[in-house]
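Biologist: I've got a fold in front of me and I'd like to learn how to read it. Can you walk me through a sheet and a helix?

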Amino acid sequence: MHIIGHGNVNGIDLSFFDPKLYPDNKQKEIRKSLNIEKSDFVWSFVGRIGFDKGIEEMINSFVQIQKQSKNSKLLLVGPYEKDIDPLPESIEKEIKENASIISAGWQQDVRPYFAISNIFVFPSYREGFPNVLLQAGAMGIYSIVTNINGSNEIIEDGLNGVIIPVKNTEALTKAMEDCLKNSSNFQNANEKYRELISEKYNQDFVWSKQLKEYEKLK
């Protein structure tokens with residue numbers, strides 16, 4: 001057995017996940033629809049809203065960040081799994097009552113939410129190969145991720161994101177603080193993050209590797 005390409009089965013369509021499809025005027029409309037100001041710093045999460053996605057740590061860290069950054073907003077995009085993977089009541093309460101936490105629910109198209117994000121936060125406890133990190137990277141977003149399989153293969157620590165320990169609120173808060181302090185570093189680096197994804201996970205590259213594998217079996 002061996003890994004084909006870099007381990008992803010389908011790659012990412014860079015013509016679809018392209019930040020250039022969302023110029024400033026479109027971003028302004030999206031922000032307005034979510035009551036997010038132009039000056040707000042947007043942290044985002046896309047995925048199942050469940051306990052094993054690290055939502056508890058993310059909410060607790062965001063509350064700490066709010067004390068330092070009053071214009072921070074947390075954007076949650078995805079369905080709740082209250083029956084399968086419920087959150088602690090205190091965390092559900094914080095999400096519901098904190099005016100700076102925006103729950104967008106499940107969305108067919110997540111690109112608009114990436115387009116208005118400053119930093120993508122993905123503190124999951126376990127994954128296979130999280131396509132959402134490919135999507136965030138293709139949209140030019142810097143990511144904070146936990147040190148788990150998949151996430152630590154896509155994110156190169158210090159290049160297109162930062163890797164922190166699993167279930168560690170203190171480390172997550174510190175990573176978010178560092179992102180705030182160095183926010184100017186992320187403003188013009190979209191293409192760099194996108195290129196790192198393109199080099200390994202461009203859909204054409206992945207498909208060509210699979211085709212070569214099939215040809216060997218003829």
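Modeller: Sure, and keep in mind that this is a predicted model. What covers the buried residues of helix H7 includes strand S1 (41-46), helix H2 (55-66), strand S2 (72-77), strand S4 (119-122), strand S5 (142-146) and strand S6 (161-164).

Biologist: Which residues of H7 are buried?

Modeller: Buried means under 20% relative accessible area. In H7 that goes for Ala 171, Leu 172, Thr 173, Ala 175, Met 176, Glu 177, Cys 179 and Leu 180.

Biologist: How far does H7 reach from its first C-alpha to its last?

Modeller: You compare the span with what is expected at 1.5 Å a residue. H7 takes in residues 169-181, 13 residues, and its 18 Å reach is close to the expected 18 Å.

Biologist: And which residue caps the N-terminal end of H7?

Modeller: Look for a side chain reaching a backbone nitrogen. Here Asn 168 is the cap, with a side-chain oxygen 3.2 Å from the backbone nitrogen of Glu 170.

Biologist: Now the sheet: what is the order of its strands?

Modeller: You read across from strand to strand. The order is S3-S2-S1-S4-S5-S6, an open sheet of six strands with parallel pairing. Strand S3 (101-105) and S6 each have a single partner strand, so they stand at the edges with one side lacking a neighbour in the sheet. On average, neighbouring strands are turned by 20° against each other, ignoring direction.

Biologist: How many bridges do S4 and S5 pair over?

Modeller: Four, in the parallel sense. Phe 122 stands opposite Val 145 in S5. Helix H5 (residues 131-138) lies across S1, S4 and S5, and runs at about 170° to S4.

Technical notes:
Residues are numbered from 1 along each chain as its sequence is written. This is a predicted model: local features need pLDDT of at least 70, side-chain atom pairs count only at pLDDT 80 or more; totals for chains, interfaces and linings use all residues. Side-chain values use heavy atoms; hydrogens and water are left out. Helices (H or I, at least four residues) and strands (E, at least two) are DSSP runs, numbered from the N terminus. The expected span of a helix is 1.5 Å times one less than its number of residues. Buried means under 20% relative accessible area, exposed over 50%, partly exposed in between (1.4 Å probe, protein chains only). Contact means heavy atoms within 4.5 Å. A polar contact is a pair of N or O atoms within 3.5 Å; within protein, one must be able to donate a hydrogen and the other to accept it, and residues adjacent in sequence count only if both atoms are side-chain atoms. Two strands pair if DSSP finds at least two bridges between them. Axes are lines fitted to C-alpha atoms, for helices over the stretch in contact, and angles run from 0 to 180 degrees between N-to-C directions.
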